[in-house]
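Good morning, everyone, and thank you for making time for this. I would like to walk you slowly through one structure, so please keep the picture in view while I talk.

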Amino acid sequence: MRPAHLAISTGRPHFPEPLHVGRPNIGSEERLLQRIQQVLDRRWFTNLGPLVQEFEDKLKQTLGVRHCIPICNATIALEIAIRAAELKGEVIVPSFTFIATAHALQWQEITPVFCDVQPGTHNLDPAQGARLITPRTSGIIGVHVWGKPCDHAALQQLADRHGITLMYDAAHAFGCSLHGTPLGNFGLCEVFSFHATKFFNSFEGGAIATNNDELARKIRLMKNFGFSGVDQVTFLGTNGKMTEIAAAMGLTGLESLADTVAVNVRNYTQYRAELAQHPGLEMIQFDEAEDNNYQYIVFEVEEELTGISRDELVQILKAENVLARRYFYPGCHRMEPYCSYFPHAGLLLPHTERLCSRVLVLPTGTTVAPEDIQAICQIIKTALACPEACRAILQASAYSLAEP
Ligand code: T4K
């Protein structure tokens with residue numbers, strides 16, 4: 001059988017324009033523009049303006065947490081949280097995460113010690129974490145990958161046993177819960193990302209949620225150069241402030257959060273109905289008793305069953321103008337500077353290595369229509385129906401994973 005209808009055969013992509021993972025959701029453009037007009041009229045653009053304060057209040061209410069401090073992005077938020085928590089030496093983190101988690105440590109000359117993940121959840125494995133603790137370990141940063149909560153009970157127990165700090169990179173996890181409690185309430189603090197590609201965004205942005213008043217006090221100082229009064233600096237600080245325009249976008253997005261999640265659920269359900277029964281395509285599952293944001297459509301591609309690799313599927317989709325992603329390929333431990341520091345780290349990370357070669361993330365969000373998903377699934381099904389022919393065409397053609 002030949003893949004007669006695929007672009008790798010015809011040269012004509014199904015989608016005339018690229019369909020991206022991570023296309024931003026906007027909410028009401030009218031409300032956003034009203035808020036931006038107010039910002040311009042007020043001529044108060046940053047430095048804890050009224051919209052940032054309102055955003056902070058709404059975030060706190062949404063999460064039911066004592067403090068949720070808006071920051072210019074989640075990477076700076078992680079750096080500030082790490083410094084405020086006085087982490088040093090070594091910190092245990094997964095390698096299966098966006099590079100920012102590791103960089104936020106290394107930037108402060110703290111060594112990220114890469115821990116493997118559990119194959120079912122894609123989250124930090126507490127049992128391996130326990131084996132990585134040394135006298136230099138000061139903390140653990142769990143990452144709620146895809147918004148799925150880490151095994152908090154086991155990680156907290158581990159941290160308590162060794163007298164070290166537990167915090168979370170909750171970049172993916174706004175609007176998600178564990179045992180009915182919103183993420184943002186666990187560990188010493190949790191860091192959210194409101195980057196444009198997140199289901200809820202403030203163009204760029206992030207926030208640090210904590211129930212610890214003293215930590216919150218330090219974070220507020222640190223994100224504003226350490227200023228504790230006019231002309232008075234009492235702390236080493238940086239510029240982590242969120243702008244009014246970012247808060248305008250965040251406030252607008254919060255108003256339509258439930259609608260955005262509803263679209264994500266619809267898309268998730270459609271992908272699952274179309275593809276999840278296919279041997280070798282395993283879709284990431286969420287605990288439906290919890291709140292989930294369903295912002296990532298994640299499949300694991302098992303080549304032994306599909307006959308086609310994840311990377312070949314990405315190439316086939318790319319030819320059709322569907323820009324699927326291979327998050328978090330190749331894993332932090334295979335990127336600089338970590339691969340130079342720890343060239344053999346992969347030996348301790350078998351599940352991470354396996355996931356990095358199998359995970360396929362497909363487009364979702366409010367810009368993706370049901371008919372788009374139907375077409376994407378049809379492309380995948382066609383490719384899976386004739387893997388050998390697809391591979392032969394790919395090998396003989398110019399299609400590649402390299403950037404255009
Ligand atoms: N921790 C974790 C676990 C994270 O996942 C992240 C961020 C962070 C920490 C750090 O948070 P921030 O400091 O960024 O707040 C993207 C995002 O840039 C990054 O924020 C996100 N994780 C990561 C998972 O995805 P890339 O390298 O994939 O970005 P890029 O430019 O390739 O964009 C992704 C897709 O989104 C493309 O297909 C294009 C599309 N896109 C992107 C932008 C910016 C749009 O359609 N419109 C846009 O405005 O990292």
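**Two sheets and a ligand**

Let me begin with one pair of strands: β2 runs antiparallel to strand β10, which covers residues 206-210, and the two are joined over five bridges. If you would like to find one of those pairings for yourselves, look for I69, whose bridge partner in β10 is I208. Before going further I should say that what you see is a predicted model, and please keep that in mind for the rest of the talk.

Which helix packs on the sheet here and touches β2, β9 and β10? That is helix α3, residues 50-63, and its direction makes about 135° with that of β2. A second helix, α4, also packs on the sheet, where it touches β2, β5 (137-143), β6 (165-169), β9 and β10, and its direction makes about 170° with that of β9.

Now let us step back to the whole of this sheet. It is an open sheet of seven strands with mixed pairing, and if you trace across it you should read the order β2-β10-β9-β6-β5-β3-β4. The strands at its edges are β2, residues 67-71, and β4, residues 111-115, each of which pairs on one side only. From one strand to the next, the twist averages 25°.

There is another open sheet to look at, and this one consists of three strands, in the order β13-β14-β16, with antiparallel pairing. Why is one side of β13 and of β16 left without a neighbour in the sheet? Both β13 (281-283) and β16 (359-362) stand at the edges and have a single partner strand each, so there is nothing in the sheet on the other side of either one. On average, neighbouring strands of this sheet are turned by 30° against each other, if we ignore direction. Within it, strand β14, residues 297-301, pairs with β16 in the antiparallel sense over four bridges, and one place to see the pairing is F299, whose bridge partner in β16 is L360.

Let me turn to the ligand. There are 25 residues around it, and of these R23, T75, D169, R325 and Y327 come nearest. By kind, the residues of this shell divide into 10 nonpolar, 11 polar and four charged. Helix α4, residues 74-84, which we have already met on the seven-stranded sheet, supplies at least two residues of the shell, and so does α5, residues 99-106.

Which distances should you look for around the ligand's oxygen atoms? An N or O atom in the side chain of R325 is 2.7 Å from an oxygen atom of the ligand, a backbone N or O atom of V21 lies 2.9 Å from a ligand oxygen, and for an N or O atom in the side chain of H195 the distance to a ligand oxygen is 3.3 Å. Taken alone, the ligand exposes 910 Å², and the protein buries 77% of that.

Finally, a few details of the backbone. Y327, one of the residues that come nearest to the ligand, is joined to F328 by a cis peptide bond with omega near -5°, and F328 is placed in the loop between β15 (322-323) and α13 (338-341). A cis peptide bond also joins E336 and P337, with omega about 0°, and P337 has its place in the loop between β15 and α13. Elsewhere, in the loop between α2 (29-42) and α3, L48 has a positive phi of about 55° although it is not a glycine.

Methods:
Residues numbered from 1 in each chain as written. Predicted model: local features only at pLDDT ≥ 70, side-chain atom pairs only at ≥ 80, totals over all residues. Heavy atoms only, no water. Near = heavy atom within 4 Å. Polar contact = N/O pair within 3.5 Å; in protein donor to acceptor, adjacent residues only side chain to side chain. Areas by Shrake-Rupley, 256 points an atom, 1.4 Å probe, with all protein chains shown as cover. Nonpolar A, V, L, I, M, F, W, Y, C, P; charged D, E, K, R; others polar. Pairing = 2+ DSSP bridges. Axes fitted to C-alpha atoms, helices over the stretch in contact; angles between N-to-C directions. Contact = heavy atoms within 4.5 Å.
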